[in-house]
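Visitor: I am new to this structure and would like to learn how to read it. May we begin with a single residue and then widen the view?

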Amino acid sequence: MSREKQGFREILELLMEKYPMILSKGEACDVLGCSRDRLQSLIVRGSIKVKDGKIPIGAIASYLCAD
């Protein structure tokens, strides 16, 4: 079983205060402060997971905690 990344819960709680649990790609770009092209490259690389065309807020938190 994999361990949770350090700071994941704290970042997730902060994001949950401001954003819905599932984000559109446009909303995810706003949260990350990046372009749609950059977001797409993160998705293709597997750095950010997509489910049914939407991005779970946990995927954003996990990406922000990456080493």
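Guide: Certainly. This is a predicted model. Let us start with Tyr19, which touches Val31 and Ile57 once residues up to four places away in sequence are set aside.

Visitor: Where does Tyr19 lie?

Guide: Tyr19 belongs to the loop between helix 1 and strand 1 (22-23).

Visitor: Is Tyr19 buried, partly exposed or exposed?

Guide: A residue is called buried under 20% relative accessible area and exposed over 50%, with partly exposed in between. Tyr19 has a relative accessible area of 27%, so it is partly exposed. As for distance, 15 residues along the chain separate Tyr19 from Cys34, and their C-alpha atoms are 16 Å apart.

Visitor: How many helices and strands does the chain have, and in what order do the elements run?

Guide: There are four helices and two strands. Read from the N terminus, the order is α-β-α-α-β-α. The radius of gyration is 11 Å, close to the 11 Å that the globule rule gives for 67 residues, so the chain is as compact as a globular protein of that length. Its C-alpha atoms fill a box of roughly 30 × 25 × 20 Å along the principal axes.

Visitor: What share of the contacts joins residues 24 or more positions apart?

Guide: Among contacts with a separation of 6 or more, such pairs account for 59%. As to burial, 28% of the 67 residues count as buried.

Visitor: Which residues of the largest nonpolar core touch the most other members?

Guide: A nonpolar core is a set of buried residues of certain kinds, joined through their side-chain atoms. The largest one here has 19 residues, and those touching the most other members are Leu15, Ala28, Leu32, Leu39, Ile48, Ile55 and Ile60. At least two residues of this core come from each of helix 1 (8-18), helix 2 (25-32), helix 3 (36-45) and helix 4 (57-64). To take one member, Ala28 is in contact with Leu23, Leu39, Ile55 and Ile60, leaving out residues up to four places away in sequence.

Visitor: Which residues of helix 4 are buried, and against what do they pack?

Guide: Ile57, Ala59, Ile60 and Ala61 are the buried residues of helix 4. They pack against helix 1, strand 1, helix 2 and strand 2.

Visitor: What follows helix 4, and which residues does Cys65 contact?

Guide: Cys65 is in the segment after helix 4. With a relative accessible area of 9%, Cys65 is buried. Beyond its neighbours within four places in sequence, Cys65 contacts Lys5, Gln6, Gly7, Phe8 and Ile11.

Visitor: Which residues form a nonpolar patch on the surface?

Guide: Met16, Met21 and Ile22 form such a patch, and together they have about 290 Å² of accessible area. Met16 is part of helix 1, and its relative accessibility of 41% makes it partly exposed. For the whole chain, the accessible surface is about 4900 Å², with 51% belonging to carbon and sulfur atoms.

Visitor: What is the phi of Asp52, and where is its place in the chain?

Guide: As a general idea, most residues other than glycine have a negative phi. Asp52 is not a glycine, yet it has a positive phi of about 55°. It is found in the loop between helix 3 and strand 2 (55-56). Asp52 is also exposed, its relative accessible area being 74%.

Notes: Residues numbered from 1 in each chain as written. Predicted model: local features only at pLDDT ≥ 70, side-chain atom pairs only at ≥ 80, totals over all residues. Heavy atoms only, no water. Core = buried A, V, L, I, M, F, W, Y, C linked by side-chain atoms within 4.5 Å. Buried < 20%, exposed > 50% of the residue type's maximum accessible area, 1.4 Å probe, protein only. Contact = heavy atoms within 4.5 Å. Patch = residues over 30% accessible without salt bridge, like charges linked within 9 Å, V, L, I, M, F, W, Y side chains within 5 Å. Areas by Shrake-Rupley, 256 points an atom, 1.4 Å probe, with all protein chains shown as cover. Salt bridge = Lys/Arg side-chain N within 4 Å of Asp/Glu carboxyl O. Rg over C-alpha atoms; globule rule 2.2 N^0.38 Å.
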